[in-house]
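Hi,

Here is the model I said I would pass on. Have a look at it first, and then read my notes underneath.

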Amino acid sequence: MSSSTSPVLADGTLVTDLVNTATREVQMRTLSDPEIYELEMERIFGRIWVFLGHESEIPASGDFMVRDMGSDSVLVTRDKAGEVHVMLNVCPHRGMRISTLDAGNTQVHTCIYHGWAFRPNGEFLGAPVEKECMHGKIMTKQQLGLDRARVTLYGGLIFATWNHEGPSFEEFLGDAKWYYDILFKRSDRGMEVLGPPQRFTVRANWKAAGEQSAADGFHTLTLHRWLGEVGNYAKKGEGEGGGADLSPEMYGVEVSSPHGHALRCIDLGRKIRRLTGLDPDQLSVDQKLDVLPPAGMTRDMVEQLRNNLSDEQLQVLTSMPPQVGGIFPNVLFGFVYIPQGDGSVVGSMTMHAYVPKGPDKLEFVNWIFAEKDAPEALREKMRKQTTQLFGTSGMVEQDDSDTWPHMTLAAKGARGRRMTLKYQAVYETGKPEGWPGPGIVNEGFTKDDTQWHWWLHWRELMSAD
Amino acid sequence: MNENQSPSQPLEVPIGTPVYHQIVNFLYREARMLDELRLRDWGATLAEDLVYTAPIRQTRPISQSAASVVRTVKHFDDDYRSVMGRILRLTSTRSAWAEDPPSRTRRLVTNVLVDEGDQPGEYWVTSYLLITRSRFDFDQFDLISAERRDVLRRVGDSFQLARREILLDQAVLGTPNLAIFL
């Protein structure tokens, strides 16, 4: 990326220089500087595909919900034809929010200020006392519709962008799509939310959470050390590391992409060995699926996988499945296998969005999912255990949300802002032999590459015209 | 747990009666235990069939006010076993960072109203709760306000908490986690 197009901050710093590609360092002012934040709203959230929720949240004609695309509130609606629309939640008349609610159902969105009314697809219907023509004659009704974003549904996940001419959603996902398909498009009927998302405020810059979502493996060892100290994660078999040693969980395959997406594929071998007493390498794909169905699926559902995934994807899913990672820039997914007291496993399917709410504030939005075909008993276990470990009261993630504010505060200091975040643990391994998937792939103990690639893409977008 | 938030035939336990005072005493002592981080003591007051939940809240029009309480996905979705697991994490590990160092909290409990429950010895108790939560050297308090809908069960001279639903007032919580009990 040519630095000639890079914006220059008020103190003369080039935005490209915030990320030092020679030493793999990022200046900490990126976590607190209001000027950088404003640029991000334009150059990142104003242009890329933004995750807004799942279509199962608005199943019926007229259903709507209010979400955020960067610093803008948007209406996410379903029209009579079943199509999903995303529009700026701002009345074109005098700037009042069209909806002040979180969700609801209506075929006519009427602004409570002057009564301008809009269809679920954003078309301007009219204003009160039609014959007096409140909207005047300078602009046509067609010109006065709500500001519409470009929308795509992917496995029911709703993404939108203001960049009508920009890359397609498939281009945006790039090589990572091969892996996301294993998670989001593996079943015949797809997944659905178990309810509306949890939402809470964290006084931290959105990137403190965002860069972690790009598959930060190392933090698990220390920030989440309690997992090795008590409970079912601490109870492990021979050779799996007991007590507080979580390091065996750090081995696997990490996938990153030039688009900043990241996935941690964690070895299932130890779990399968514990469940069967057999060498996982000697088991077929079908045998492994029978022993340990993918997180969130039952044995009855595994035959659906053949309808939707390739043999190569099944190979990854049954040996080294993506369990945690991110979709650039502010989405985390977790498809994890939660150990139970009796040695069995309950899956958890969750997604988070870290919505920017100013340079030092983010809204943590947490959705919990299940496969539509999952039986009720499994859904209930998934809902409870996901809530107990992740999100608002989650025993794992409560430690994350308590950490990010301190990074943000540190980044405000006159010296602290000149400190750097370091991503200098570099893979030297490459792909494991026979690995069938695309992308930038490395095996072994976790490293910093995925997060570094996240920052490189941040730099690229921040510098692009 | 059903979604009825009152007994089928409410019979009021009037303010000022001995039972009412015993229940207020239980709630005040419970608040003190939690503020003083005596979590194992608190755990001993829980019934083994405990249901402990905090619904999500949504902003909905007044005509759909019931929809403002969401009981599908919740902020807390716990039972006795999982609450005891939370206590174990907070008291028996060296790594429960969200509450180590601990928040300084005040649980202000007011507006206590009591009805007889459907089962003998059970009481349906509603109370208002305001928690001030201070962390680190932050000048700002996190405020957590809620109505609690409890079922208390008489055991000997005291009570056990058999059910608690915490009806938080914020659609977007103003605290970074619920690593404390409400």
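Below is what I found, going from chain B to the contact between the chains and then into chain A.

Keep in mind throughout that this is a predicted model.

Chain B first. Its secondary structure comes to 3 helices and 7 strands, and from the N terminus the order is β-α-α-β-β-α-β-β-β-β. Along the principal axes, the C-alpha atoms of chain B fill a box of roughly 45 × 45 × 30 Å. The radius of gyration is 16 Å, which agrees with the value near 16 Å that a compact globule of 182 residues would have. As for burial, 33% of the 182 residues of chain B count as buried. If you take the contacts in chain B between residues at least 6 apart in sequence, 59% of them join residues at least 24 apart.

Now for where the two chains meet. The contact takes 34 residues from chain B and 32 residues from chain A. On the chain B side, strand E3 (69-79) and helix H3 (80-92) each supply at least two residues. The largest share of that side comes from E3(B), with 8 residues. By class, the residues of chain B that touch chain A divide into 15 nonpolar, 12 polar and 7 charged.

On to chain A. The domain assignment gives domain 1 (50-162) and domain 2 (175-463), and the C-alpha centres of these two domains of chain A lie 34 Å apart. Each side of the contact is easy to state: 13 residues from domain 1 of chain A and 13 residues from domain 2 of chain A. On the domain 1 side, strand E3 (residues 50-54) of chain A gives the most, with 3 residues. That side of domain 1 of chain A has 4 nonpolar, 7 polar and 2 charged residues.

The strand I would look at in chain A is E4 (residues 63-69). Of its 7 residues, 5 are buried, so E4(A) is largely enclosed by the rest of the structure. It has two antiparallel partners to trace. With strand E5 (residues 72-78) of chain A, E4(A) runs antiparallel and is joined by 6 bridges. With strand E7 (residues 103-105) of chain A, E4(A) is also antiparallel, joined by 3 bridges. A:Met65 is a handy marker here: A:Val76 stands opposite A:Met65 in E5(A), while in E7(A) the bridge partner of A:Met65 is A:Ala103. E4(A) and E5(A) form a hairpin with 2 residues between them, and A:Gly70 in the turn has a positive phi of about 60 degrees.

Last, the nonpolar core. The largest one has 151 residues, and those with the most contacts inside it are A:Val50, A:Leu52, A:Val76, A:Phe369 and B:Leu152. The largest share of this core, 7 residues, comes from strand E20 (residues 362-371) of chain A. Both domain 1 (50-162) and domain 2 (175-463) of chain A contribute at least three residues each to this core. You will recognise A:Val76 in that list from the hairpin, where A:Val76 faces A:Met65.

And what does A:Phe369 touch, leaving aside residues up to four places away in sequence? The neighbours are A:Met191, A:Glu192, A:Val193, A:Leu194, A:Met349, A:Thr350 and A:Met351.

Cheers

Technical notes. Residues are numbered from 1 along each chain as its sequence is written. Chains are lettered from A and ligands numbered from 1 in the order in which they are written. This is a predicted model: local features need pLDDT of at least 70, side-chain atom pairs count only at pLDDT 80 or more; totals for chains, interfaces and linings use all residues. Two residues are in contact if their C-beta atoms, placed from the backbone, lie within 7 Å. Helices (H or I, at least four residues) and strands (E, at least two) are DSSP runs, numbered from the N terminus. Ala, Val, Leu, Ile, Met, Phe, Trp, Tyr, Cys and Pro count as nonpolar, Asp, Glu, Lys and Arg as charged, and the others, Gly among them, as polar. A residue is buried if 20 or more other C-beta atoms lie within 10 Å of its own, exposed if 12 or fewer, and partly exposed in between; C-beta atoms are placed from the backbone. Two strands pair if DSSP finds at least two bridges between them. Domain bounds come from an automatic or database domain assignment. A nonpolar core is a set of buried Ala, Val, Leu, Ile, Met, Phe, Trp, Tyr and Cys residues joined through C-beta atoms within 7 Å. The radius of gyration is taken over C-alpha atoms; the globule rule is 2.2 Å times the number of residues to the power 0.38.
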